[in-house]
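Could you walk me through this structure in my viewer, one selection at a time? I would like to know what to pick next and what I will find there.

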Amino acid sequence: MEYTELSAYDLPAGVVTSWTPRADAGRWQQDPRDLSPGHEAHLRDSEPGSWIGSVLRVPGPYEAEPLRRAIHAWMSRHEVLRTTVTRDAGAGWRRVTAPAEAVAVRDLVVGHLTAEQVTALLPSLLADVSPTAWPHCVLASVVPADAAGPGSDGFVLAFGADHSVMDAYSQLLWFEEIVSLYDAARRGVPDAELRALEVGSHVDFSAEDRKLAMTLAADGEPVRRWLDFLGPGATFPRYGAEGVTHPAADAAEAARPQASRSAWLATADQTDDLSARSRARGASAQSGVLATFAHAARRVHGIDRLRFVLPMHTRYAPQHAAAVGWYVGLCPVDVDLAGLDPVLREVDTGGPGGAGRVGTGRAAAGRVVDGTALTAAVERVHAAVAAGKPLVRYSFARIAELGGITDGPHLAVSYVDTRFVPGSERWSAWDARTLRSPAYGTDELYLWFLRTHDGLNVSTRYPDTPEAHAATDALIEELRACFRAFGTAGLSEAVA
């Protein structure tokens, strides 16, 4: 599993079809449930052509009508995919919602295209989604010439959605859900059974999120703590290495596409080892990975204090666990490694066959884990995340409004453990991948750490400049070097 742009996916030549939900204008109903402050901020600030989505190779033969029924069932199950907003003069945004029976899924066969044509076309189809125009999710299929009969290798199916109706976990849930729905539709399962899924509605969640947000006060603790984190000028921190990110000098720089990279950092054994060590210190695997990231930033760029935003889920109620929607809050993280020894210690391997000054196990490329330093780093990260976590449940959009914060995150780091998402053990066989649209500008560095059954992957996007490329390359190589010191094949501990 990787998180990349669609251009990094190996799309085949084949027959391309777009699948678009439609509903008659007269079937939309006024919906009294309020929008969340985050939704309203997204309507105000979103960039055209910005979307997230997923793509996979659906196993088995392609059949158009079962696929239509599967897509319709998915739209029916999740109310957020059947709701939108309208602008009322003087009254702001209002929600309208369509019942499931009012929605139809229309297909348009574009034609048989070469692989190059498919690669050029699909992003433009998915980029049609917008926060202000329904549908907020569209799909596209690519059927290779040999994928129409028994024994075929399947076909490609992708979707793109606006962030107002989708988060990263929703992207991951889609793989198993759409494949299961398609299989059931091919078996002739009735539509009523396909649509049956008891999950909460993100529309309800949004209304509750707004109620909570409106209890905040400008002089309350959540606003004060965010302002303390941001400091003078209420500006978000940047990555500490000089020249990696910077405000765009002009419109041309602001419109420059960012670079994107996906890299595998560790095997499953290496990730499991770090996770076990972190849990033994009373922390989580997330704290272990973030501590390793902090170590790498310190070693290659001399950054002792690392301040960033950590997106975290807000799926607190069981009924929202399998729901499609935007369940994300922001956690401010301030990690100070000053005074700590490096997590990795250089050792003298003693030449060919030499063991060097290590405890048990073997050295990894002349560097081993310093258990005491790792404990201290993990504990500091765990404490920093724990300090910011209570703020996640409060809408940052409302906090920004109350605190006069106009800046946005410049350094964001995400960690998601995908191993327990339904169907995750089959993602490799399906060539499943989560997607993001291209981003622009020079003022952001984002990292997404994904823990999968195969190990640990990091996806990054950053300014397309020599300085940012060099800094990101160095950071990824240091992360890989660090993880080489972990793993059940040869546990290494430095002698204190």
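Start by selecting helix α7 (residues 221-230) together with helix α12 (residues 396-403). In this predicted model, the two pack at an angle of about 80°, with their axes 10 Å apart. An angle of 65 to 115 degrees counts as roughly perpendicular, so α7 and α12 are roughly perpendicular to each other. Show side chains for P222, V223, W226 and L227 on α7, then for F396, I399, L402 and G403 on α12: these residues make the contact. Colour them by class and you should get seven nonpolar residues, one polar and no charged ones.

**Second stop: another helix pair**

Now move to helix α9 (residues 268-280) and helix α10 (residues 285-301), whose axes lie 8 Å apart at an angle of about 110°. This pair, α9 and α10, is therefore also described as roughly perpendicular. Turn the view to look along the crossing of α9 and α10, and you will find that it is right-handed. On the α9 side, pick L274, S275 and S278; they meet A285, G288, V289 and T292 of α10. Which classes of residue make up the contact of α9 with α10? It divides into three nonpolar, four polar and no charged residues.

**Third stop: a three-stranded sheet**

Switch to a cartoon view and select β3 (29-31), β6 (92-97) and β5 (83-88). These three strands form an open sheet in the order β3-β6-β5, with antiparallel pairing. Strands β3 and β5 are at the edges, each pairing on one side only. Neighbouring strands in this sheet are turned by 45° against each other on average, direction ignored. Zoom in on β5 and β6, which run antiparallel and are joined by six bridges. To find your place along that pairing, label V85, which stands opposite R95 in β6.

**Fourth stop: strand β16 and its partners**

Next, select β16 (residues 433-436). In a regular strand, side chains alternate between the two faces of the sheet. Are the faces of β16 covered or open? Both are covered: R433 and L435 on one side, and T434 and R436 on the other, are all buried.

Add strand β1 (residues 3-4), which pairs with β16 in the parallel sense over two bridges. Within this pairing, Y3 has T434 as its bridge partner in β16. Then add β4 (residues 52-58), which runs antiparallel to β16 and is joined to it by four bridges. Here I52 stands opposite R436.

**Fifth stop: D431, just outside a strand**

From β16, step back to D431, in the loop between α13 (427-430) and β16. Its phi is near 55°, a positive value in a residue other than glycine. Most residues other than glycine have a negative phi, and most peptide bonds are trans. With a relative accessible area of 37%, D431 is partly exposed.

**Sixth stop: the loop between α7 and α8**

Select A234, which lies in the loop between α7 and α8. A234 has a phi near 50°, again a positive value in a residue other than glycine. Is A234 buried or exposed? Its relative accessible area is 13%, and buried means under 20%, so A234 counts as buried.

Stay in this loop and pick T245, which also lies between α7 and α8 (251-254). T245 is buried, at 9% relative accessibility. Expand the selection to its contacts and, leaving aside neighbours within four places in sequence, you will pick up R238, Y239, T442, D443, E444, L445 and P463.

**Seventh stop: a cis peptide bond**

Centre on W134 and P135, which are joined by a cis peptide bond with omega at about 5°. P135 sits in the loop between α3 (115-126) and β8 (137-143).

**Last stop: a buried glycine**

Finish at G325, in the loop between β11 (305-313) and β12 (328-336). G325 has a relative accessible area of 0%, so it is buried. What is G325 in contact with, leaving aside its neighbours within four places in sequence? The list is V80, V165, M166, D167, S170, H202 and R315. For a final distance label, draw a line from the C-alpha atom of G325 to that of L450: the two residues are 125 apart along the chain, and their C-alpha atoms are separated by 20 Å.

Conventions:
Residues numbered from 1 in each chain as written. Predicted model: local features only at pLDDT ≥ 70, side-chain atom pairs only at ≥ 80, totals over all residues. Heavy atoms only, no water. Pairing = 2+ DSSP bridges. Axes fitted to C-alpha atoms, helices over the stretch in contact; angles between N-to-C directions. Parallel < 35°, antiparallel > 145°, perpendicular 65-115°, else oblique. Left-handed = near helix turned anticlockwise from the far one by under 90°. Contact = heavy atoms within 4.5 Å. Nonpolar A, V, L, I, M, F, W, Y, C, P; charged D, E, K, R; others polar. Buried < 20%, exposed > 50% of the residue type's maximum accessible area, 1.4 Å probe, protein only.
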